[in-house]
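Open the model in a viewer and keep a selection prompt at hand. The stops below go residue by residue, with a look at what surrounds each.

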Amino acid sequence: MNFVATGIGAGLVSALLTAVIVKATPLAAMLYLLAPIPVLIVSLGWDHRSGLVAALVGGLAIALILSPLSGIGFALITALPAWWLSYLALLGRPGQDGTMEWYPVGRLLAWAAATAALTIIAAGVISTGGDYSAFAQNTREVAEAFVNAQFAATGEGALDAETREQLIAIFSRLTSFLSAQGFVTILALYLWAAGRIVLASKRLPRPWPPVPELVMPRSAALILIGALILANLGGFMGALGMALSGAFLMAFALQGLAAVHDRTRGKSGRSFLLSAMYVLIFVTQGILMVALALFGIADSTFGLRRRFGTRPNPPPTLST
């Protein structure tokens with residue numbers, strides 16, 4: 001029953017990190033962003049059931065401290081995605097030669113993308129009570145704040161009303177897309193960080209995977225195509241399509257980024273090349289990620305690294 005005690009502790013710590021957001025300070029915001037880490041650590045290092053206990057305990061604590069809706073939001077947005085990805089990461093089965101086959105990192109990244117998109121939309125449905133007009137109003141307010149902030153940062157004159165309204169309409173439509181992109185990046189980063197922490201404590205059940213070699217399955221490209229079609233619909237289905245499109249495009253960009261790390265291993269000037277790439281990503285405000293996403297899609301669909309490199313064919317993968 002150790003998983004119960006560790007789950008309770010992780011849930012309370014995660015709830016505390018979440019509750020400090022009411023302070024509305026930069027430090028509080030940073031602590032709030034770290035809230036999934038305790039759930040990930042106990043799920044990976046002790047038992048995935050610890051993550052479920054943490055979700056329940058943390059949700060109850062937040063409901064008592066803040067509000068019942070906040071408690072549901074904690075469980076849905078913070079705890080359950082962390083538990084689910086940890087559960088997948090520890091899936092394994094004996095192979096034909098007797099060695100353990102662990103859940104492939106590429107499939108794990110695809111699930112992170114799907115989890116991010118579904119979480120974003122589920123949070124919107126719950127917060128608005130299923131009222132799409134309220135959801136659309138919320139996205140418009142976010143878009144308006146973003147446009148005002150970006151325009152103020154440029155230091156230019158005032159936008160005319162028509163141009164401003166067009167920009168707000170565009171970013172309002174893209175809110176789910178952009179939110180899912182950011183969330184899948186956070187989930188992937190947190191899962192990697194929690195895994196390294198648990199590995200350092202020698203409690204990680206599986207060996208550390210070769211992350212640069214990750215390749216998402218071809219079905220991820222089909223999901224992206226379906227999401228782009230779905231995004232043309234109205235209502236929550238269209239918002240879900242936008243969220244899935246943003247999440248899977250970012251996941252493919254991360255795969256492209258991993259491929260660059262993979263193909264430069266052992267090469268002279270590797271540090272310079274990687275540093276230059278990250279500087280370009282920052283300078284171009286993420287535009288370079290589009291090229292990385294396209295490479296990631298081609299890599300999954302056509303197996304570019306297996307065709308033109310020395311990477312062996314991947315082992316049989318687990319299905320979920």
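Select Gln-255 and Ser-300 and show their side chains: in this predicted model the two side chains make a polar contact at 3.1 Å. Gln-255 sits in helix 10. Is Gln-255 buried or exposed? Its relative accessibility is 0%, and the cut-off for buried is under 20%, so Gln-255 counts as buried.

Keep Gln-255 selected and add its contacts, leaving out neighbours within four places in sequence. The set to display is Leu-109, Leu-214, Val-215, Met-216, Gly-296, Asp-299, Ser-300 and Arg-305. Ser-300, the partner in the polar contact, is thus on the contact list as well.

**Along helix 10: the nonpolar core**

Stay with helix 10, which spans residues 235-263. Which residues have the most contacts inside the largest nonpolar core? They are Leu-44, Leu-108, Met-216, Phe-248 and Phe-252, in a core of 66 residues. Helix 10 gives the largest share of this core, 14 residues. Met-216 has already appeared, as one of the contacts of Gln-255.

Now pick Phe-248 and show what it touches beyond four places in sequence. Three alanines are there, Ala-110, Ala-113 and Ala-114. The rest of the list is Ala-220, Ile-223 and Leu-224.

**Across to helix 8**

Next, select Gln-181, which is placed in helix 8. At 17% relative accessibility it falls below the 20% limit, and therefore Gln-181 counts as buried. Which residues does Gln-181 touch, not counting those up to four places away in sequence? Display Gly-246, Ala-247, Leu-249 and Met-250.

**The cavity**

Remain on helix 8, residues 161-200, for the next selection. How many cavities of 30 Å³ or more does the count give? The count comes to one, and the largest cavity has a volume of about 30 Å³. To see its lining, select Pro-36, Leu-40, Ala-82, Leu-85, Leu-187, Tyr-190 and Leu-191. Helix 3 (36-45), helix 5 (68-89) and helix 8 (161-200) are the elements that each give two or more residues to this lining. Helix 8 gives the largest share, three residues. Colour the lining by class and the result is seven nonpolar residues, with no polar and no charged ones.

From the lining, pick out Leu-40, a residue of helix 3. With 3% relative accessibility, Leu-40 counts as buried. Its contacts beyond four places in sequence are Ala-82, Ser-86, Tyr-190, Leu-191 and Ala-194. Among these, Ala-82, Tyr-190 and Leu-191 also line the largest cavity. Measure from Leu-40 to Ala-194, C-alpha to C-alpha: the distance is 6.0 Å, with their positions 154 residues apart in sequence.

**Last stop: helix 1**

Go to Ile-8 in helix 1, residues 2-19. Why does Ile-8 count as partly exposed? Its relative accessibility is 36%, and partly exposed covers the range between the 20% and 50% cut-offs. Apart from neighbours within four places in sequence, Ile-8 is in contact with Val-53 and Val-57. Add Ala-55 to the selection to finish: Ile-8 and Ala-55 are 47 residues apart in sequence, and their C-alpha atoms are 8.8 Å apart in space.

Notes
Residues are numbered from 1 along each chain as its sequence is written. This is a predicted model: local features need pLDDT of at least 70, side-chain atom pairs count only at pLDDT 80 or more; totals for chains, interfaces and linings use all residues. Side-chain values use heavy atoms; hydrogens and water are left out. Helices (H or I, at least four residues) and strands (E, at least two) are DSSP runs, numbered from the N terminus. Buried means under 20% relative accessible area, exposed over 50%, partly exposed in between (1.4 Å probe, protein chains only). Contact means heavy atoms within 4.5 Å. On a 1 Å grid over the protein atoms alone, a cavity is a set of points where a 1.4 Å probe fits but cannot get out, and a pocket is an open set with protein on both sides within 12 Å along at least five of seven lines; lining residues have an atom within 4 Å of a point. Grid points are joined across faces, edges and corners, and a volume is the space filled by probe spheres set on the points. Ala, Val, Leu, Ile, Met, Phe, Trp, Tyr, Cys and Pro count as nonpolar, Asp, Glu, Lys and Arg as charged, and the others, Gly among them, as polar. A nonpolar core is a set of buried Ala, Val, Leu, Ile, Met, Phe, Trp, Tyr and Cys residues joined through side-chain atoms within 4.5 Å. A polar contact is a pair of N or O atoms within 3.5 Å; within protein, one must be able to donate a hydrogen and the other to accept it, and residues adjacent in sequence count only if both atoms are side-chain atoms.
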